[in-house]
Structure formats: C-alpha cells, structure tokens
Amino acid sequence: MIIYEVNCLVDDEIADDYREWQKGHVAQMLGEEGFESAEIMNLVDDDRLVERPFSQGISVRYRVKNQQALDHYLNQRASMFWQQRSDRFGKQFSVYRRVLKE
C-alpha cells in the first residue's frame, strides 16, 4: 500500500471554492486505476503555511494499491489533472506532494 499525499496551500479568497472543487477532483482521482480511497484534511500546522501568508492548507491522502499504479498515474495522467487545477485557479495556490509507504 502506498500513501500519495497532495498538500495544497490556497489563497484565502479562493479557499471555499477550492474546497468545493476538491471534492469533485477527489472523486475523479478515485476513478483512476489503483486509487482505493482518500481523505481530505485541513493542514493546521505546516512550515510552508508560514511561507505563504493569507492562505489555508488542505491535504489529501490517497491510498494507492501499489507503486506501479502510482507510477502509471504520475507518468500518464497527472499532468492533465494538474493543468485542470491551474486553469481554474491560476497562481492562487501552491502544491507539494509526498509518497509514503507502509
């Protein structure tokens, strides 16, 4: 099992819209092969929030079946999803990711 964590720092003025969009995005992600579940959480304490004043943090942790499924997503599908987010929210957010293994 792989945990694919996507942390988003979003400007305060778009935070509500972003959270609403995030729900649909997570549903799309769960349609990707190997993505089994997800949880959306608020980032409460994160050094990067301090570096981006007037923003809020949202973290999504996806459980992915294996490294092969994650690699397929990252190599074949991720750029499309990243572009959708950029098209909608421009530069009003930043994202960083982590991969964790049990």
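Biologist: Which residues touch the most other members of the largest nonpolar core?

Modeller: Keep in mind that this is a predicted model. The largest nonpolar core holds 23 residues. Those touching the most other members are Y4, V10, F35, Y62, V64 and Y73.

Biologist: And which element gives the most to this core?

Modeller: At least two core residues come from each of β1, α1, β3 and α3 (67-89). With 6 residues, the top contributor is α3.

Biologist: Let's talk rings. How many aromatic pairs does a search of the whole structure find, and is the Y4 and F35 pair stacked or edge-to-face?

Modeller: The search turns up 10 aromatic pairs. For Y4 and F35, the centres are 6.4 Å apart and the planes sit at 85 degrees. Planes over 60 degrees apart count as edge-to-face, so the Y4 and F35 pair is edge-to-face.

Biologist: Why does that pair tie together parts of the chain that are apart in sequence?

Modeller: Y4 belongs to strand β1, while F35 is in strand β2 (residues 35-43). Both ends are buried, Y4 with a relative accessible area of 2% and F35 with 6%. The pair therefore ties together parts whose separation in sequence is 31 residues.

Biologist: Y4 also pairs with Y62; what is the angle between the planes there?

Modeller: Here the rings are stacked, 6.2 Å centre to centre. The pair links distant parts of the chain, with Y4 in strand β1 and Y62 in strand β3, 58 residues apart. As for the planes of Y4 and Y62, the angle is 25 degrees.

Biologist: Which residues form one aromatic cluster with Y4 and Y62?

Modeller: Y62 is buried at a relative accessible area of 2%. Beyond its neighbours within four places in sequence, Y62 has contacts that include Y4, Q22, H25, M29 and F35. Along with Y4 and Y62, the cluster takes in F35, Y73 and F81.

Biologist: Q22 caught my eye in that list. Is Q22 buried or exposed?

Modeller: Q22 sits in helix α1 (residues 15-29). Leaving out neighbours within four places in sequence, Q22 contacts C8, I40, V60, Y62 and R85. Its relative accessibility is 2%, and under 20% is the cut-off for that class, so Q22 is buried.

Biologist: On to charges. How many salt bridges are there, and how many residues apart in sequence are the parts tied together by D11 and R52?

Modeller: The count is 7 salt bridges. D11 and R52 meet at 2.8 Å, N to O, and both are buried. D11 is in strand β1 (residues 2-11) and R52 in the loop between α2 (47-51) and β3 (55-64), so the parts they tie together are apart in sequence by 41 residues.

Biologist: What about E102 and R63: which of them is exposed, and which partly exposed?

Modeller: Their closest N and O atoms are 3.1 Å apart, forming a salt bridge. E102 lies in the segment after β4 (93-101) and R63 in strand β3, so this pair joins parts 39 residues apart in sequence. At 32% relative accessibility R63 is partly exposed, while at 70% the exposed one is E102.

Biologist: Last one: which ring does the charged end of R48 sit over?

Modeller: Arginines turn up in another charged group too, as E5, R61 and R98 are linked in a network of salt bridges. The charged end of R48 is 3.8 Å from the ring centre, and that ring belongs to Y96.

Terms used:
Residues are numbered from 1 along each chain as its sequence is written. This is a predicted model: local features need pLDDT of at least 70, side-chain atom pairs count only at pLDDT 80 or more; totals for chains, interfaces and linings use all residues. Side-chain values use heavy atoms; hydrogens and water are left out. Helices (H or I, at least four residues) and strands (E, at least two) are DSSP runs, numbered from the N terminus. Buried means under 20% relative accessible area, exposed over 50%, partly exposed in between (1.4 Å probe, protein chains only). Contact means heavy atoms within 4.5 Å. A salt bridge is a side-chain nitrogen of Lys or Arg within 4 Å of a carboxyl oxygen of Asp or Glu. A nonpolar core is a set of buried Ala, Val, Leu, Ile, Met, Phe, Trp, Tyr and Cys residues joined through side-chain atoms within 4.5 Å. Rings of Phe, Tyr and Trp (its six-membered ring) pair if their centres lie within 6.5 Å; planes under 30 degrees apart count as stacked, over 60 as edge-to-face and the rest as tilted. A charge sits over a ring if NZ of Lys or CZ of Arg is within 6 Å of the ring centre and within 35 degrees of the ring normal.
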